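Reader: Got a minute to walk through this one with me? I'd like to start with the overall make-up and then pick at a few residues.
Author: Sure, let's bring it up.

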Amino acid sequence: MKKHVILVLALLLTMVFGMSTLTTSTAHAATDSSLTKVQKKGTLVMGTSPDYPPYEFQATVHGKTKIVGMDVAVGEKIAKDLGVKLVVKSMSFDSLLVALQTGKVDMVISGMNPTAARKKSVDFTHTYYQGGYSIVINKNDKGIYKNKDSFVGKTIGAQTGSTMYNESKKQTSGTTVKGMTSVSDLILALQSHKIQGVAMEKPSAQAYVANNKELAAIPSDFNLNASDTSAAVAFKKGSSALVHAANKSVDQIKTQNLVNKTYLPAAGKYLKTNTVNTSMWHYWKAFLTGVEYTLIITVCSVFFGFILGVLLALARMGQGGVFRTGLRWLATAYVEFIRGTPMMVQVMFVYFGLGLIVNLPALTSGIIAISLNSGAYVAEYIRGGINSVDAGQTEAARSLGMSSGATMRYVILPQALKNIWPSLGNEFITLIKDSSIVSIIGVSELIFQSNIVRSDTYRGVAPIAVIMVLYFILTFTASRILNYFERRMQHD
Amino acid sequence: MTKPIIEVKNLAKNFGKNTVLKDITEDVMPGQVIVVIGPSGSGKSTFLRCLNLLETPTSGEVAFTGENLTTLDAKRVNELREQMGMVFQGFNLFPNMSVLENIKLAPMKVKGVDDKTATQRAHELLQQVNLDDHADAFPNSLSGGQAQRVAIARALAMDPKVMLFDEPTSALDPEMVGEVLNVMQDLANQGMTMVVVTHEMGFAKSVADQVWFMADGYIQETNTPDEFFSHPQTERAQDFLSKILI
């Protein structure tokens, strides 16, 4: 049992120390095996943040949600020309470049501008689309705002990590710039007058205005380089063979004007069908998937977290001997460290950091991260529960000739479990709620699904209300069930 | 000549700076009933708990059937502890198990006795302490006297060679003391070797082979009960006896 604790801790340590060497080595090692690697596995994984119509967004096609838009069409073209299958992976815009660097995705197409800063960390193809910026405002304010300079003393919003965000900061004075992760959140903030304008690319602005009668678009008049308003495909640094191959496709797209002629009109059609039915009932499947994943993550994490917690608690209570003292020290350090760092950071670390060593799917990473986190808390509950069992119980068991292990297993733990059951129940209910954190790495749990529905329907509040009710149903049901078992344990 | 079953040599025990046992050397012979009496805080319970190593002696030796417990590994100590049943002031029954399960646990988990044999033996022991009709009850539903009799049965289930009693009647209501002492007296009559820490002077008088009087970390006087209660040798014992009602 104790060996496993060491194993886990050792794994964590190698991870931390292994990181620095790996990040540098992978950057060089990939040179030009990039193309053959993709062709060998037969798939090209594209990362994108699907809340940016018409570049990329979710649409319901034949009852199934899928990611569509002009960027997906570009991705399909590249994949087809390489003779491989395109796989689209969605995640937040902030996470895209990290996902590329850590090999979670092969390329990023997400309306991304090939800026000088980004070029330092990734390789870009030629640009496949030249756009411009607009600012989306409420239609009623059309008389007040003309361009970027009209927002003195006001707030404009832009997607965090995007070029618009940086340029809005640089090129306005006296204007507050507010960053949010998703454009649908920004539009919601605009409609509830938290902000007065949203800076975004022209095609996106047009799509939003076309789908929402209360919005209007004004020119931004930002001073921009061509590279700041163009979109290109990003690949991992050093994969020049892959970039070279993709450039052939991109050049064809350019010369045949495929974006304006084919891709944008196709995306526009999805946008129209999308806005036909914005009732929440229409999206019950999306919400159901969310509930399903939230439950999978919670149940698995509670299970593994409990096992880890028991091992950690026993390690923390070990007495005497160099080995046991070392183990106790390690377990204490682990618990303190995990409790002293945010779960969000832990989730990202497991997905991106551990991803350098083994390629774990987002769901698995999420479950691992939350189990590791929960284990630290459960360990403390269990330690408290064990300590609350009267010392006389141990003495009685030992006086009967039982070993310390048998005493723990047959006498102390069963009684401790009864004491800690309410705390474990609370942990379970907390995890139902906290599992929402894994939405940042793209696991389709409730929060993630609600974001999809929001960007799909352009309705900001309704999906939030729906998941609020769903979360409550989950936690309330869970607490009833736990209470039932708690009462059953009180027989003695 | 028979060998002593328990040999204590120069036993001392400190808790931090507090010295509880100073220097104790005594033997217990097979079949003997020893009653340890003395004022509160004189180290009686600590002495008893050193005999089965629930407390680790600071210095000195405790040998059981010729083996020095203080030098043995944990496994051997566990094996020898099986042969030394212990009964506590606070009963220490396992509250999450029925009376029967309390008695069966150690024989099954430590000795590997099968369920049927363990159950049968548990019922025999419960009959011996007059509680067979409570086999399926849980400890919290028992009176103190009943709980202590179950605790005795539980200790006997391991077929010990010695029984250690740590103030077995101190936590009981007065009307329940008798039923526990009767069980202990029966045990003594059957020839069980017993070391009993108690304040029950009547029990000491009628059942003990020897009374050990303990005070200030030493065993001050060992004597037959008749001699001890009628002609205590030491001033410390005379003083103690003058303060209690007999």
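Reader: So how many helices and strands does chain B have?
Author: Chain B has 9 helices and 10 strands. Keep in mind that this is a predicted model.

Reader: Ok, and what share of chain B is buried?
Author: Of the 246 residues in chain B, 55% are buried. Its accessible surface is about 10600 Å², and carbon and sulfur atoms hold 46% of that.

Reader: What about contacts in chain B between residues 24 or more positions apart?
Author: Those account for 66% of the chain B contacts with a separation of 6 or more.

Reader: Switching to chain A. Where does A:Gln449 sit?
Author: A:Gln449 is in helix H18, which covers residues 446-457 of chain A.

Reader: Buried or exposed, that A:Gln449?
Author: A:Gln449 is buried, because its relative accessibility is 7% and the cut-off for buried is under 20%.

Reader: Which residues does A:Gln449 touch, leaving out those up to four places away in sequence?
Author: A:Ala286, A:Thr289, A:Gly290 and A:Ser444. As for A:Ile467, its C-alpha is 9.1 Å from that of A:Gln449, with their positions 18 residues apart in sequence.

Reader: New topic: which lysines gather in a patch of positive charge on the surface?
Author: A:Lys139, A:Lys142, A:Lys146 and A:Lys213.

Reader: Where is A:Lys139 found?
Author: A:Lys139 is in the chain A loop between strand E8 (133-138) and strand E9 (155-159). With a relative accessible area of 45%, A:Lys139 is partly exposed.

Terms used:
Residues are numbered from 1 along each chain as its sequence is written. Chains are lettered from A and ligands numbered from 1 in the order in which they are written. This is a predicted model: local features need pLDDT of at least 70, side-chain atom pairs count only at pLDDT 80 or more; totals for chains, interfaces and linings use all residues. Side-chain values use heavy atoms; hydrogens and water are left out. Patches are made of residues with over 30% relative accessible area and no salt bridge: like charges are joined within 9 Å, nonpolar side chains (Val, Leu, Ile, Met, Phe, Trp, Tyr) within 5 Å. Accessible areas come from the Shrake-Rupley method with a 1.4 Å probe; for residues, only the protein chains shown count as cover. A salt bridge is a side-chain nitrogen of Lys or Arg within 4 Å of a carboxyl oxygen of Asp or Glu. Lys and Arg count as positive and Asp and Glu as negative; His and the chain ends are not counted. The place of a charge is taken as NZ of Lys, CZ of Arg, CG of Asp or CD of Glu. Helices (H or I, at least four residues) and strands (E, at least two) are DSSP runs, numbered from the N terminus. Buried means under 20% relative accessible area, exposed over 50%, partly exposed in between (1.4 Å probe, protein chains only). Contact means heavy atoms within 4.5 Å.
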